[in-house]
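Here is a short tour of a protein fold. Look at the sequence and the model first, then read on.

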Amino acid sequence: MCSVGEMDKTETGTKMYMTLYPEKSTDGGLRLGNICPDFSAETTHGPMPSFHEWKKGKWAILFSHPADFTPVCTTEIGRLALKYDQLTALDIKLATLSVDPVKSHEEWLRDVVAHCENKIEVKFPIIGDADRKISKMYGMIDPGTSDEQSLPLTIRAVYIINPENKLMLMLNYPACVGRNMDEIVRCCQALQMSYQKSVATPANWPYNHESIGMKGALFLLPTVSKEDADSKFAGYKTCEVPSGKSYLRLIQAKDLGMPHLMPAEKPNGASPECGCSVM
């Protein structure tokens, strides 16, 4: 078992990777590592004077949908509502947005609740952005053409923002493809692991490396020296590869003191992982 106290003295994955990105872009675009713009807005939960104050000290997801009273958005808000308690347990605040006014959101939500096959309650605010100010600010819509569009749809965007208001992950989908809420939760769990420890999640995590008995294991970052790995991450395993380089170093989440961040079940039809040998 690793010494969690010793591991806490090492740089986290977030701290290391965020040094690669500036807090503000040079061309005004919003990119990973940037401080997300603050804004005020009207929502279905009342006024939001400051987005930064609303999420102060917490993780947040800002989730845009193209328009109210549209089929894909109706299912997305319903599925997101089903994940609300799980995301709240991860200390994550959740808000969604479209260019429709709040009154339209309130009327549409009745359809959302009625259509969802599960009993749901939409507990998160939906932001009205009728003047498209926030949509333009976050790159959900092109500021140069949106005023000319008769139907100014925002893209399906997901912004996962850390407690320091930095953009940690951004997903963009077209209007014709609905988002997978399990993937959004998985991304939040992976980000929080890296935020706390000096690790990164492999492809298809947490359904990775099952064939070698390391299902759900995480990689130690390349910045962790062999000496630190041996002294602070006891129990890690190194995968053997033809290059002979020892860079594929796996460690279990339970040995990091973070089993609560591990997704519980494997989805039906998930593809098997390729195997490897470990030293």
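The text below covers the sheets, a helix on a sheet, a helix pair and an aromatic pair.

This is a predicted model, where local features need pLDDT of at least 70, side-chain atom pairs count only at pLDDT 80 or more, and totals for chains, interfaces and linings use all residues. Residues are numbered from 1 along each chain as its sequence is written, and side-chain values use heavy atoms, with hydrogens and water left out.

**Sheets**

Helices (H or I, at least four residues) and strands (E, at least two) are DSSP runs, numbered from the N terminus. Two strands pair if DSSP finds at least two bridges between them.

One open sheet has 7 strands in the order β2-β1-β5-β4-β3-β6-β7, with mixed pairing. Its edge strands are β2 (46-48) and β7 (167-173), and each pairs on one side only. On average, neighbouring strands of this sheet are turned by 25° against each other, direction ignored.

Another open sheet has 4 strands, ordered β8-β9-β11-β10, and its pairing is antiparallel. At its edges stand β8 (199-200) and β10 (237-238); each has a single partner strand, so one side of each is left without a neighbour in the sheet.

Two strand pairs are set out here.

| Strand pair | Sense | Bridges | Bridge partners |
|---|---|---|---|
| β3 and β4 (residues 92-98) | parallel | 6 bridges | serine 64 and leucine 97 (in β4) |
| β8 and β9 (residues 218-220) | antiparallel | 2 bridges | valine 199 and leucine 220 (in β9) |

**Helices**

Helix α8 packs on the 7-strand sheet. It touches β3, β4, β6 (156-161) and β7, contact meaning heavy atoms within 4.5 Å. The direction of α8 makes about 150° with that of β3. Axes are lines fitted to C-alpha atoms, for helices over the stretch in contact, and angles run from 0 to 180 degrees between N-to-C directions.

How do α4 and α6 pack? Helix α4 (residues 71-82) and helix α6 (residues 102-115) pack at an angle of about 70°, with axes 9 Å apart. The two are therefore roughly perpendicular (65 to 115 degrees). On the α4 side, Cys73, Thr74, Thr75, Ile77 and Gly78 make the contact. On the α6 side, Trp108, Leu109, Asp111, Val112 and His115 do so.

**Aromatic pairs**

The structure holds 6 aromatic pairs (ring centres of Phe, Tyr and Trp, its six-membered ring, within 6.5 Å). In one, tryptophan 59 and tyrosine 195 have ring centres 5.1 Å apart and planes at 75°, so the pair is edge-to-face (over 60 degrees). Tryptophan 59 lies in strand β3 (residues 59-64) and tyrosine 195 in helix α8 (residues 181-196), 136 residues apart.

Key: Parallel < 35°, antiparallel > 145°, perpendicular 65-115°, else oblique. Phe/Tyr/Trp six-rings, centres within 6.5 Å; stacked < 30°, edge-to-face > 60°.
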